[in-house]
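Let's take a friendly walk through how the parts of this model fit together. We will go from the contact between chains to the contact between domains.

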Number of protein chains: 2
Amino acid sequence: MAVYTDVAADELAEFLNQYDLGDLLSYKGIAEGVENSNFLLHTSKGSFILTLYEKRVERNDLPFFLALMTHLAEHGINCPLPVKGRDGEALRELAGRPVAIITFLEGVWPRKPNAMHCAGVGEVLAKMHLAGANFAIRRVNALSVSGWRPLFDQAAARADDVQPGLRAFLAAELGHLESGVWPTNLPEGVIHADLFNDNVFFLGDQLSGIIDFTFACNDMLAYDIAICLNAWCFEADHSFNVTKARAFLNAYGRVRKLTEAEEASLPLLARGAAIRFLLTRLVDWLNVPPGALVKPKDPLEYVRKLRFHQSVSSVRDYGLMPSGLVA
Amino acid sequence: MAVYTDVAADELAEFLNQYDLGDLLSYKGIAEGVENSNFLLHTSKGSFILTLYEKRVERNDLPFFLALMTHLAEHGINCPLPVKGRDGEALRELAGRPVAIITFLEGVWPRKPNAMHCAGVGEVLAKMHLAGANFAIRRVNALSVSGWRPLFDQAAARADDVQPGLRAFLAAELGHLESGVWPTNLPEGVIHADLFNDNVFFLGDQLSGIIDFTFACNDMLAYDIAICLNAWCFEADHSFNVTKARAFLNAYGRVRKLTEAEEASLPLLARGAAIRFLLTRLVDWLNVPPGALVKPKDPLEYVRKLRFHQSVSSVRDYGLMPSGLVA
């Protein structure tokens with residue numbers, strides 16, 4: 001939860017004159033989003049989200065995020081649509097920060113996802129991958145295999161304070177993933193890279209949209225699937241729920257069929273996705289600033305997930321019949 | 001900013017079945033309110049605030065707050081209206097906590113109040129005092145003069161760590177206020193007792209409503225005025241702005257004329273109001289729990305305000321002509 005930067009009412013009303021959004025009725029800082037300051041606006045034209053991008057977000061990346069949301073929305077994906085000012089620009093400045101307004105997406109994110117939710121996520125992820133195929137701008141994934149060593153180096157010295165033996169465990173896994181096993185020949189495209197349950201909205205049983213593209217980038221599509229396996233298919237006690245995984249993978253496969261090479265790589269990609277979140281959480285855990293407004297997430301959850309993926313021998317263990325056969 | 005308790009989507013949807021509020025469209029934890037967890041709900045019937053009352057709020061007080069809002073709304077005050085369930089009850093339970101839904105009030109609170117805002121506050125405060133006159137339920141003010149000594153006792157030992165000499169300064173002031181000077185014969189009624197700028201909403205230049213009655217109680221009406229003098233009429237550098245005070249007091253007086261005794265007591269009441277906020281802030285400042293989500297407010301702001309009120313000799317220093325003459 002976070003509002004790092006407050007905005008004065010008169011300053012905001014003045015700012016809104018640059019848009020065709022009617023009169024400002026109210027704005028509330030909302031306790032979602034860890035990286036940026038977000039406000040829910042009511043204007044006489046409807047509801048919107050105002051985001052002030054804080055320093056952890058690269059300003060150069062913002063045009064990518066905004067253009068991607070516009071592209072996906074225009075290609076049938078329910079996601080927030082950036083609102084352009086009267087001059088045609090969506091990216092502006094307010095309170096000394098880059099800022100954008102996007103449409104507000106109704107829906108609630110599932111605190112306790114079930115297999116139905118997982119199927120919805122599989123379907124929308126595959127549709128997003130197809131919709132992103134002809135998106136022109138590119139953004140490198142800074143948190144793929146080459147990005148993990150620097151995170152490890154930041155955390156290594158104090159890793160065993162979090163859990164005895166964690167440093168050696170991470171070093172061994174990282175050594176393995178860096179040893180040339182990481183795939184390079186899988187289908188690539190735009191991935192969301194952070195499609196956790198708080199980024200997927202439902203209205204009743206129906207998925208109503210996906211949000212938060214601040215980690216989106218170009219990478220292997222199957223890596224996005226691996227991230228979702230980690231994000232959606234474990235229980236609160238960190239046990240793997242194969243029913244959820246099967247629902248997720250089958251729903252994905254009905255929209256975009258996985259190649260055999262993607263299927264074969266999935267256990268390894270899932271290990272990579274697990275260590276990626278393990279490392280970023282560990283760095284955050286070890287670097288909580290005094291007076292932090294955001295409670296860091298437990299990195300050890302991902303130690304257990306990683307151990308599970310290490311034990312997987314094929315996609316059968318994720319509930320998928322190899323070669324894309326629907327179970 | 002605070003959301004202490006999260007609510008699962010299915011749990012909330014189920015809970016809403018007890019009301020005639022239509023379908024749940026979305027809910028966002030909002031970063032306002034220090035004591036409780038607040039969510040902005042969108043349903044097919046409109047926008048609402050869901051409050052989960054956390055442990056600092058006395059459960060026995062909740063019927064008072066909810067009945068008061070209903071009473072004031074029915075008597076022409078723009079404030080949130082508690083929404084009753086199908087069984088006629090507004091106070092219910094969710095996630096193990098007492099909870100209520102109130103209507104959402106559009107409007108923005110002024111981050112930098114000017115004299116126009118202060119006049120709006122004066123008018124609405126007087127109207128609220130009149131509207132509360134025939135409200136039947138009573139609630140003692142736990143934070144009046146008899147409530148300050150226990151706060152002082154909690155903070156005294158470490159007060160000088162915050163500012164050298166603070167303990168003696170507080171002891172002397174408290175001794176004076178407890179010496180029999182505190183008035184007992186002024187007009188009483190329902191007071192808001194916390195009408196700071198984040199509790200007053202405006203749409204353009206017009207005051208659109210007042211919120212947050214969790215400190216409301218029965219006490220001298222002029223004590224509410226004294227609180228507002230502290231809350232609205234000082235600049236960011238803690239200097240007193242007599243133009244704002246005059247606008248506030250004159251607007252109040254046009255709706256409800258102050259008695260001579262109230263005018264004469266105002267400097268003393270303002271000292272009391274200053275030490276009340278000084279002491280609660282000091283106790284909070286000295287007792288920030290590790291991992292706190294709320295940054296405590298600076299108690300020393302109220303040392304400077306209190307010194308100002310100590311220097312005041314009559315309401316003339318607040319910009320008011322004695323005997324209620326409009327300046």
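A salt bridge here means a side-chain nitrogen of Lys or Arg within 4 Å of a carboxyl oxygen of Asp or Glu. With that rule, two salt bridges turn up across the interface of chain B and chain A. Please keep in mind that this is a predicted model.

**Where the chains meet**

One of the pairs that meets the salt-bridge rule joins Arg111(B) to Asp6(A), with 2.9 Å between the closest N and O atoms. The interface of chain B and chain A also has 15 residue pairs in polar contact, both partners being at pLDDT 80 or more. Which strands of chain B each supply at least two residues of the side that touches chain A? They are strand S1 (24-29), strand S2 (37-43) and strand S7 (200-203) of chain B. Of the side of chain B that touches chain A, S1(B) gives the largest share, with six residues. Sorted by class, that side of chain B holds 19 nonpolar, five polar and six charged residues.

As for extent, 30 residues of chain B are in contact with 30 residues of chain A. The size of an interface is often given as the accessible area lost when the parts come together. Between chain B and chain A, the buried area is about 2,700 Å², and carbon and sulfur atoms give 62% of it.

**How the copies are related**

A turn of 180° with a shift of 0.0 Å along the axis lays chain B on chain A, with an RMSD of 0.0 Å. The two copies are therefore related as by a two-fold rotation axis. Which residue of chain B has the C-alpha nearest the axis? That residue is Ile30(B), whose C-alpha is 2.2 Å from the axis. Both copies use the same surface, as 100% of the contact residues of chain B recur in chain A.

**Inside chain A**

Now for the domains. The domain assignment splits chain A into domain 1 (9-103) and domain 2 (115-318). Taken over C-alpha atoms, the centres of domain 1 and domain 2 of chain A are 27 Å apart. Domain 1 of chain A brings 19 residues to the contact, and domain 2 of chain A brings 22 residues.

Together, domain 1 and domain 2 of chain A bury about 1,700 Å² between them, with 75% of that on carbon and sulfur atoms. Three residues, Phe64(A), Phe65(A) and Ile77(A), supply 31% of the area that domain 1 of chain A buries against domain 2 of chain A, which is more than any other three residues.

Polar links are here too: one salt bridge is counted between domain 1 and domain 2 of chain A. Asp61(A) and Arg139(A) form a salt bridge, their closest N and O atoms lying 3.1 Å apart. The count of residue pairs in polar contact between these domains of chain A is four, both at pLDDT 80 or more. On the side of domain 1 of chain A that touches domain 2 of chain A, there are 12 nonpolar, four polar and three charged residues.

**Salt bridges in the whole model**

Over all chains, the structure holds 28 salt bridges. Three of the pairs are set out here.

| Salt bridge | Closest N and O atoms |
|---|---|
| Arg111(B) and Asp6(A) | 2.9 Å |
| Asp61(A) and Arg139(A) | 3.1 Å |
| Glu93(A) and Arg59(A) | 3.0 Å |

Glu93(A) forms a salt bridge with Arg59(A). This pair links distant parts of the chain, 34 residues apart: Glu93(A) is in strand S4 (residues 92-94) of chain A, while Arg59(A) is in the loop between strand S3 (46-52) and helix H2 (62-74) of chain A.

Methods. Residues are numbered from 1 along each chain as its sequence is written. Chains are lettered from A and ligands numbered from 1 in the order in which they are written. This is a predicted model: local features need pLDDT of at least 70, side-chain atom pairs count only at pLDDT 80 or more; totals for chains, interfaces and linings use all residues. Side-chain values use heavy atoms; hydrogens and water are left out. Contact means heavy atoms within 4.5 Å. Buried area is the accessible area (1.4 Å probe) that two parts lose on being put together, summed over both. A polar contact is a pair of N or O atoms within 3.5 Å; within protein, one must be able to donate a hydrogen and the other to accept it, and residues adjacent in sequence count only if both atoms are side-chain atoms. Helices (H or I, at least four residues) and strands (E, at least two) are DSSP runs, numbered from the N terminus. Ala, Val, Leu, Ile, Met, Phe, Trp, Tyr, Cys and Pro count as nonpolar, Asp, Glu, Lys and Arg as charged, and the others, Gly among them, as polar. Domain bounds come from an automatic or database domain assignment. Copies are superposed by least squares on the C-alpha atoms of residues with pLDDT of at least 70 in both.
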